[in-house]
Amino acid sequence: FHGYRHFGRSFEHLGRAARDSGAWLVGVSSLFTPYAAEALATAAAIKRLHPGCRVVMGGHHPTALPESVLESPDVDFVLRGEGEESLALLAERLRAGGALVDVPGIAFRRNGRCHVNPPAVVAAPESFPLPAMELVDRRFYRRMGRGCAVVVAGRGCPLGCSYCAVGGAA
């Protein structure tokens with residue numbers, strides 16, 4: 001599970017885009033463990049080109065392995081589980097200088113150790129809008145001359161299997 005083809009913009013482009021936007025907080029998705037190195041390379045490019053920016057990573061891989069993801073100095077925070085509400089709360093707390101320990105689903109370094117909260121769960125995911133696909137530059141998502149994209153069609157699983165990162169009791 002390594003050596004997959006990189007789709008989309010270059011890491012350098014993403015780092016420059018974060019810098020040029022003036023963002024102080026950038027989220028990176030790491031949906032699949034085989035692509036975790038790609039997500040970490042994205043975080044590294046953002047930190048290298050925009051060092052004052054904080055990077056938060058979410059998705060299945062960081063949900064399952066938050067401590068491993070936080071071993072990277074380029075990732076400041078991990079959001080475990082559903083991040084829609086947690087990310088907004090994290091941003092509010094960071095701006096106000098508030099406590100982070102009760103932000104649902106968050107993992108972060110504190111005093112040289114990882115603090116990890118249980119994954120966040122959204123009660124009504126149907127209330128969220130559809131993704132803004134008009135913002136995607138489709139020229140960069142092609143394979144064999146045709147459009148290509150990965151679609152995640154679920155929001156986890158109600159089962160609580162001990163070996164799975166997306167189960168309801170994770």
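This section describes the fold of a predicted protein model, from its overall make-up to its sheet.

The protein has 170 residues. It contains 5 helices and 7 strands. From the N terminus on, the elements follow the order α-β-α-β-α-α-β-α-β-β-β-β. The run therefore opens with a helix and closes with strands.

Of the residues, 30% count as buried. The exposed surface of the protein comes to about 10,700 Å². Carbon and sulfur atoms supply 57% of that area. Contacts were also sorted by separation along the chain. Among those between residues at least 6 apart in sequence, 57% join residues at least 24 apart.

Strands of a sheet pair through backbone hydrogen bonds, in either a parallel or an antiparallel sense. Here, 5 strands form an open sheet. Their order is E1-E2-E3-E4-E5, and the pairing is mixed. Strand E1 (25-29) and strand E5 (113-116) stand at the edges. Each has a single partner strand, so one side of each is left without a neighbour in the sheet. From one strand to the next, the twist averages 25°.

The E1 edge can be followed in further detail. E1 pairs with strand E2 (residues 54-58) in the parallel sense, over 5 bridges. Within this pairing, Gly27 stands opposite Val56 in E2. Helix H2 (residues 36-49) lies across both E1 and E2. The helix runs at about 170° to E2.

Note on methods: Residues are numbered from 1 along each chain as its sequence is written. This is a predicted model: local features need pLDDT of at least 70, side-chain atom pairs count only at pLDDT 80 or more; totals for chains, interfaces and linings use all residues. Side-chain values use heavy atoms; hydrogens and water are left out. Helices (H or I, at least four residues) and strands (E, at least two) are DSSP runs, numbered from the N terminus. Buried means under 20% relative accessible area, exposed over 50%, partly exposed in between (1.4 Å probe, protein chains only). Contact means heavy atoms within 4.5 Å. Accessible areas come from the Shrake-Rupley method with a 1.4 Å probe; for residues, only the protein chains shown count as cover. Two strands pair if DSSP finds at least two bridges between them. Axes are lines fitted to C-alpha atoms, for helices over the stretch in contact, and angles run from 0 to 180 degrees between N-to-C directions.
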